Protein chains: 2
Amino acid sequence: MPVSNEMADKYVAGAAMCPYRLVLEHVTSRWGVLVLIELLDRPYRFSELRRAIGRVSEKMLTQTLQTLERDGLVHRDAKPVIPPRVDYSLTDLGREAAEQVRALALWTESRMGEVERAREAYDEAKGRG
Amino acid sequence: MPVSNEMADKYVAGAAMCPYRLVLEHVTSRWGVLVLIELLDRPYRFSELRRAIGRVSEKMLTQTLQTLERDGLVHRDAKPVIPPRVDYSLTDLGREAAEQVRALALWTESRMGEVERAREAYDEAKGRG
DNA sequence: CCGCATCCATTAAGATACTG
DNA sequence: CAGTATCTTAATGGATGCGG
């Protein structure tokens with residue numbers, strides 16, 4: 001069984017009945033989020049993308065890209081040359097998703113201060129029981 | 001060790017250096033997304049939320065809620081009565097996040113048709129090799 | 001260089017029984 | 001009711017070898 005189906009198939013168990021939840025999970029998945037945001041800037045080659053994201057395994061990146069490609073969010077352009085060269089870019093659909101994901105990421109970044117204050121308050125309250 | 005720290009601590013391994021990625025992962029996590037969207041409508045009690053989301057384990061819901069509470073996105077109001085009653089609601093910060101997450105969810109729902117066509121095309125192309 | 005496939009260790013998720 | 005503790009199962013990520 002190809003690795004490509006792992007994510008797509010297994011998530012069916014959790015998100016089951018409701019097909020859109022599946023796509024939402026692909027888009028909001030740990031590496032899906034980061035891939036979409038990177039590709040919003042420009043097309044990337046595989047290992048370029050891997051370096052840009054950092055700390056993602058080859059396996060997970062492959063899997064993420066395949067899932068997003070299958071959902072029609074990412075376009076894969078494999079050039080038949082040696083050594084191989086494969087460029088990944090966003091489709092129009094993918095760009096729409098990526099823009100929303102990026103908005104969320106930017107929001108998160110901008111609110112980090114508040115989040116950290118909330119955490120300190122929470123941890124202190126817990127610490128005292 | 002309380003269950004509450006599993007998600008928050010472990011994700012450090014993957015998202016490490018970059019603290020905002022951690023919050024982004026909490027917000028976009030499988031159950032985080034759904035919790036935020038539900039709470040956008042109104043406050044929910046624990047098991048009410050569990051039923052509303054469906055197919056979420058007690059453990060994961062607890063964990064998700066604790067993480068979101070610690071990040072200052074969700075407010076937990078435990079009433080000292082018997083039987084216990086705990087209401088969860090969004091903070092102002094959480095509402096901002098939830099609105100963006102909901103926008104993404106609505107987008108996903110609205111684009112399901114396109115996603116499904118893309119999948120069919122992808123699967124057919126693969127099928128033929 | 002861009003993968004696919006497999007084995008293996010680690011981590012997260014889920015089911016269940018139990019407590020205040 | 002709202003969790004916690006414990007155990008089992010699934011997902012993830014690393015390493016490695018292989019092929020186009």
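The exchange below covers salt bridges and DNA contacts in a predicted model.

Biologist: How many salt bridges are there over all chains?
Modeller: The rule pairs a Lys or Arg side-chain nitrogen with an Asp or Glu carboxyl oxygen within 4 Å. One group of these residues, D77(A), K79(A), R85(A) and D87(A), is linked in a network. Over all chains, the count is 19.

Biologist: Which residue of chain A meets R119(B) in a salt bridge, and why does the pair join two chains?
Modeller: R119(B) sits in helix α7 of chain B, residues 112-127, while its partner is in the chain A loop between α5 (58-70) and β2 (74-79), so the pair joins two chains. The N to O distance is 2.7 Å. The partner is D71(A).

Biologist: Is R119(B) buried or exposed?
Modeller: Buried means under 20% relative accessible area. D71(A), at 1%, is buried. R119(B) has 11% relative accessibility, so R119(B) counts as buried.

Biologist: What is the relative accessible area of D87(B), which pairs with K79(B)?
Modeller: The side chains of D87(B) and K79(B) form a salt bridge at 3.2 Å, N to O. K79(B) is partly exposed at 33%. D87(B) is buried, and its value is 14%.

Biologist: How far apart are the closest N and O atoms of R42(B) and E48(B)?
Modeller: R42(B) is partly exposed, at 36% relative accessible area. E48(B) is also partly exposed, at 25%. Their side chains form a salt bridge, with the closest N and O atoms apart by 3.2 Å.

Biologist: Which side chain has an N or O atom 2.4 Å from a phosphate oxygen of DNA strand D?
Modeller: W31(A) has a polar side-chain atom 3.1 Å from a phosphate oxygen of this strand. For Q66(B), the distance is 3.2 Å. The 2.4 Å contact belongs to Y88(B).

Biologist: Which helix of chain B holds S47(B), one of the residues that come nearest to DNA strand D?
Modeller: S47(B) is among the five nearest of the 21 residues around the strand, with M60(A), P84(A), R76(B) and Y88(B). S47(B) is partly exposed at 40% relative accessible area. Its C-alpha lies 8.5 Å from that of E58(B), eleven residues away in sequence. The helix, residues 46-53, is α4.

Biologist: How many charged residues does the surface near DNA strand D have?
Modeller: Of the strand atoms within 4 Å of the protein, 67% belong to sugar or phosphate. The rest belong to bases. By class, the protein surface has ten nonpolar and five polar residues, and the charged ones number six.

How values were computed: Residues numbered from 1 in each chain as written. Chains lettered and ligands numbered in written order. Predicted model: local features only at pLDDT ≥ 70, side-chain atom pairs only at ≥ 80, totals over all residues. Heavy atoms only, no water. Helix = DSSP H or I, 4+ residues; strand = E, 2+ residues; numbered from the N terminus. Buried < 20%, exposed > 50% of the residue type's maximum accessible area, 1.4 Å probe, protein only. Near = heavy atom within 4 Å. Polar contact = N/O pair within 3.5 Å; in protein donor to acceptor, adjacent residues only side chain to side chain. Nonpolar A, V, L, I, M, F, W, Y, C, P; charged D, E, K, R; others polar.
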